[in-house]
Amino acid sequence: MSTVPETLYYTQEHEWVTEPSEGVVTIGITAHAADALGDIVYVSLPQEGASVEAGEPCGEAESTKSVSDVYSPVTGEVVAVNTAVEEDPAAINSDPYGEGWLFRVRTDDDPADLLDAQAYSKLIEEA
């Protein structure tokens, strides 16, 4: 079973979100999702300056098994994109909560409205 860091928030679509720092959150896909996808070979992310809506697709992750939408867990403006994962998508599989982060959003949304680690762990156990 995948590790679920206690300090993050989660969506039912398997994205993770950090606590806001000066109104900015970092977003990625969970280890559970990365494991389920298999080897990620391509990722398409929103551009810096783009507006994203909570719960709406804003990118894609393509693996050797399938293509999966990436959803934004919050509404706001993309302020940074991890170009390293666009160049080397395998970082998502090897370090989903570190070097494999996807993008950062300036938001007024409260990530506490999302799943905490305990609720997300229960979700993936029941899947």
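## Sheet

In this predicted model, six strands make up an open sheet with antiparallel pairing, and their order is β1-β2-β3-β9-β8-β5. The edge positions are taken by β1 (9-10) and β5 (51-52); each has a single partner strand, so one side of each is left without a neighbour in the sheet.

Within this sheet, β2 covers residues 15-17 and β3 covers residues 24-29. Three bridges join the two strands in the antiparallel sense. In this pairing, Val17 stands opposite Ile27 of β3.

## Nonpolar cores

The largest nonpolar core has 24 residues. The members that touch the most others in it are Ile92, Leu102, Phe103 and Val105. At least two residues of this core come from each of the following elements: β3, α1 (31-37), β4 (40-44), β6 (57-63), β8 (76-81), α3 and β9 (103-107). Another core, of nine residues, lies apart from the largest one; Val4, Tyr10, Tyr120 and Ile124 are among its members.

Which residues does Val105 touch, leaving aside those up to four places away in sequence? Its contacts include Gly23, Val24, Val25 and Ile27. Val52 is also touched by Val105. The remaining contacts of Val105 are Val74, Thr75, Gly76, Glu77, Val78 and Val79.

## Ser63

Ser63 belongs to strand β6. Is Ser63 buried or exposed? Its relative accessibility is 7%, and the cut-off for buried is under 20%, so Ser63 counts as buried.

Two polar contacts involve the side chain of Ser63. One reaches the backbone oxygen of Leu37 at 2.7 Å. In the other, a polar atom of the Ser63 side chain lies 3.0 Å from the backbone nitrogen of Lys65. Leu37 also appears in the list of residues that Ser63 touches, together with Gly38, Asp39, Ile40 and Val41; this list does not count residues up to four places away in sequence.

## Ser94

Ser94 is placed in helix α3, which spans residues 90-94. Helix α3 is also one of the elements that supply at least two residues to the largest nonpolar core. Ser94 itself has a relative accessibility of 62%, and the cut-off for exposed is over 50%, so Ser94 counts as exposed.

How far is the C-alpha atom of Ser94 from that of Ala34? The separation is 8.8 Å, while Ser94 and Ala34 are 60 residues apart along the chain.

Conventions:
Residues numbered from 1 in each chain as written. Predicted model: local features only at pLDDT ≥ 70, side-chain atom pairs only at ≥ 80, totals over all residues. Heavy atoms only, no water. Pairing = 2+ DSSP bridges. Helix = DSSP H or I, 4+ residues; strand = E, 2+ residues; numbered from the N terminus. Buried < 20%, exposed > 50% of the residue type's maximum accessible area, 1.4 Å probe, protein only. Core = buried A, V, L, I, M, F, W, Y, C linked by side-chain atoms within 4.5 Å. Contact = heavy atoms within 4.5 Å. Polar contact = N/O pair within 3.5 Å; in protein donor to acceptor, adjacent residues only side chain to side chain.
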